[in-house]
Amino acid sequence: MIRLLPASILIIVALAGAGMTMVVYRAENAADRIRFETIAHAAADRVVNRTRQHIALLVSTHAFFVAHESEVSRDAFARFTASLSLEKDYEGIRGIGYARLIRTGEEAEAERDIAAAYGIERRIWPETTLDRRTPIVMLEPPDEMNRAALGLDMFAEQHRREAMLAALESGAPRASAPVELAQEITEDKQAGFLVYIPFRPRADGPAAGFVYAPFRAGDLHAAALGGPDRLPLTFQTLDTTGEEAVPLYRSQGYGESEAYKNLKTQSVVDVAGRQWTFNVHATPEFRSRVQHLYSMVTGAISLLLALALAMSTRFQIKSVQAARALQAASHKAVQEKDLMLQEMKHRIKNSIARVLAIARQTAAVSETIDDFSQSFSARLSAMANAQDMLTRSHWRQADLRELLATELKQVLGSDFDERIDGPKVLLDERTTQALGLTFHELATNALKYGGISSGEGDLRISWTVTGRRKHRELRLDWVETSSVPIETAGGFSTGSGFGTRLIDANIRGELGGQLERELRPEGMSVRMVIPLHDA
C-alpha cells in the first residue's frame, strides 16, 4: 500500500493544481472581459462625447441667433462660424447652417437671399405637396459640398421632417434618423444625420426657422476612435429608435475576426433624442499578448510541485525501506554468526571424535611408533584436504574430481587426471569428508599392494550419476590392474584390516551406500554406490 503513496500524492497535488489553474484561467477570462468592456464603453463614450461637443457648437450658434432677436445676416453668420474653426477642430460635423421656415409659395424671397449671400441662382428643391418648407438659406463653411446643399427643402424628406417636428415640440436639439446628406456629391459617400434646434425670435413667438448641423457619421467615428489612442476594437453603430435598426457606421473588418466570438458587448445611448446602439467586438490586437500566461505558469508550477512531492515521498519511502533492510541484514548477520559458531563447535566436535577414532584404530594395528605416526599423519592429511576444499566453498560443496585428484597426488605422488573419467559432481560436507578418507585408504592400499609404485600396475577410476532429484546415486568404479599377482596383505579381501573397516564405515555406515570388492590375481576392483544429496 505504501508503494502507491507517491502516485497518490502526484494525482492529488496535480488535481489540486488543475483546480487552481482553472480558477486562474477563469479569472484571466474575467479580467479580459472587464478590460474589454471598459475599453468598449470608453470607445462608445468617445463617439457620444464628440457628438455632444459638436451639438454644443450648435447650441452656441442658436444662442448667437437669439441674441440678435432676428435672423442673422450671412456676413455676421460667416464671421461667427469662422471663429469656431470647424474644419480644424471639429472633424465629423459638416458645417452649421440655417433653414428658414416658410409657407409653400413663399420660396422667391428665400431664393433671392441665397443669390445675394452666395451668388448662386438656385430654386428651392425638391418639389413638395406640403404646406410648409424649410429651405437652407445659409450653410458655413461655403465649400463645394455645402454649396451643393443650399436651397434644399429639408421638410420635404420624412426623416428630416420628423426630427424638425420633434425639435419644435421639445424646444431642444433633436437628431434625425440616418440619411444621405445633400453634400454627398463625391464617390466617398457616408451615412449621415442632422441635428436641429428651432429658432424663435421671441421666446413666446412662432419659430422662424432651424439652426442645424449636418454630420458625416464615418468622419465623426474616425475622429473619435482614431488617433494615437487607437483602440483594438471593431465598431458598429445602429440607430435603433424605430422598429428597424438602421446602420449609421460600420468599421472595417467588423465581425470578421475570430477574437470577437467571446469578447463582444453592446451599449445603448440617447443622442439628441435618438437611440443609438453600439456593438463592439475585440480584434486580434486585443489579444496580442501571450494568452493565459498566468494559467500556464500556475499549471506548470503545480505540475512541478506534484512531481517534486511525489519524488520526495518516493525517496523517503526508499530511505525507510533501506534502513529497515539494513536493520534486517544486521539482525540476520548476528543470527548467521551465532549459527556459524554453533556449527563450528559441532564440526570441531565431530572432527575431534573422528580423529580420536582414527587414532585408536591406527594405534591398534600399528606395530611401532613410526608406523602409527606415518599412518595417522596420512589419514589426518586426507581429512585436512577434504576440510580445505569445504573451506574454500564456505562449507557448502566440493568437486569429486578435484577431491580424488588431490588424494591420488598426495599418496601416489603423480597426476592421474588422464585415468579419471566422469561427469562433474558436487559433494556436500559429509560425503566429502567420508570419500576423502575412503580415497586415501584405497590409494594407500594401491601403493602398498598394487604394484603402482614399481611401475607394474595401473589404476583407472570412473563414475556415473543415475536417477533424478532426490533419487540420484553416484556409481564409482575403482579398478587396479597389475602385470604381476597382487598381494592380499592388509586384510582388504577379508575385510579384517583397519583401512577396510574404515572404508566400510564411511560408505555403508556414514553415507548409507553400497560397497562391492573383487580381488583377482591380475587386479582388484571396488564399486561404490552412494546416494547423492543437494550440495
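Let me start with one pair of residues: in strand β7, the bridge partner of Y98 is V211. What we have here is a predicted model, so please take everything I describe as computed from that model.

That pair belongs to a longer contact, since strand β1, residues 96-100, and β7 pair in the antiparallel sense over 4 bridges. β7 also has strand β6, residues 192-199, as an antiparallel partner, this time over 8 bridges, and there L194 stands opposite P214 in β7. Is β7 itself, then, buried or exposed? Of the 8 residues in this strand, which covers 209-216, 8 are buried, so β7 is largely enclosed by the rest of the structure. Looking at the two faces separately, G209, V211, A213 and F215 are buried on one side, and F210, Y212, P214 and R216 are buried on the other, so that both faces are covered.

Let me move to the open sheet of 5 strands, which has mixed pairing and the order β13-β15-β16-β18-β17. The edges are taken by β13, residues 420-421, and β17, residues 514-520, and because each has a single partner strand, one side of each is left without a neighbour in the sheet. For β13, the pairing with β15, residues 457-466, is parallel and runs over 2 bridges, with D421 standing opposite S462 in β15. Helix α10, residues 400-412, packs on this sheet and touches β13, β15 and β16, the last being residues 473-482, while the direction of α10 makes about 165° with that of β15. Another helix, α11, residues 429-449, lies across β16 and β18, the latter being residues 523-531, and runs at about 10° to β16.

Now to the charged side chains. Side chains of opposite charge can pair when their charged atoms come close. The count for this model comes to 20 salt bridges, and I will pick out a few of them.

R133 forms one with E107, where the closest N and O atoms are 2.9 Å apart; this pair links distant parts of the chain, with R133 in strand β3, residues 132-133, and E107 in helix α4, residues 107-118, 26 residues apart. Both ends count as buried, because R133 has a relative accessible area of 4% and E107 one of 13%, and the cut-off for buried is under 20%.

In the salt bridge between E157 and R160, at 3.2 Å from N to O, E157 is partly exposed, with a relative accessible area of 25%, whereas R160, at 6%, is buried.

What does the salt bridge between D399 and K424 tie together? D399 lies in strand β12, residues 398-399, and K424 in the loop between β13 and β14, the latter being residues 426-427, so the pair joins parts that are 25 residues apart in sequence. The closest N and O atoms of D399 and K424 are 3.2 Å apart; D399 is buried, at 14% relative accessible area, but K424 is exposed, at 67%. I should also mention that E71, R100 and D113 are linked in a network of salt bridges.

Finally, the surface: L293, Y294, M296, V297 and I301 make a nonpolar patch of about 500 Å². Y294, one of these residues, has its place in helix α8, residues 293-365, and Y294 is exposed, with a relative accessible area of 57%.

Methods. Residues are numbered from 1 along each chain as its sequence is written. This is a predicted model: local features need pLDDT of at least 70, side-chain atom pairs count only at pLDDT 80 or more; totals for chains, interfaces and linings use all residues. Side-chain values use heavy atoms; hydrogens and water are left out. Two strands pair if DSSP finds at least two bridges between them. Contact means heavy atoms within 4.5 Å. Axes are lines fitted to C-alpha atoms, for helices over the stretch in contact, and angles run from 0 to 180 degrees between N-to-C directions. Patches are made of residues with over 30% relative accessible area and no salt bridge: like charges are joined within 9 Å, nonpolar side chains (Val, Leu, Ile, Met, Phe, Trp, Tyr) within 5 Å. Accessible areas come from the Shrake-Rupley method with a 1.4 Å probe; for residues, only the protein chains shown count as cover. A salt bridge is a side-chain nitrogen of Lys or Arg within 4 Å of a carboxyl oxygen of Asp or Glu. Buried means under 20% relative accessible area, exposed over 50%, partly exposed in between (1.4 Å probe, protein chains only).
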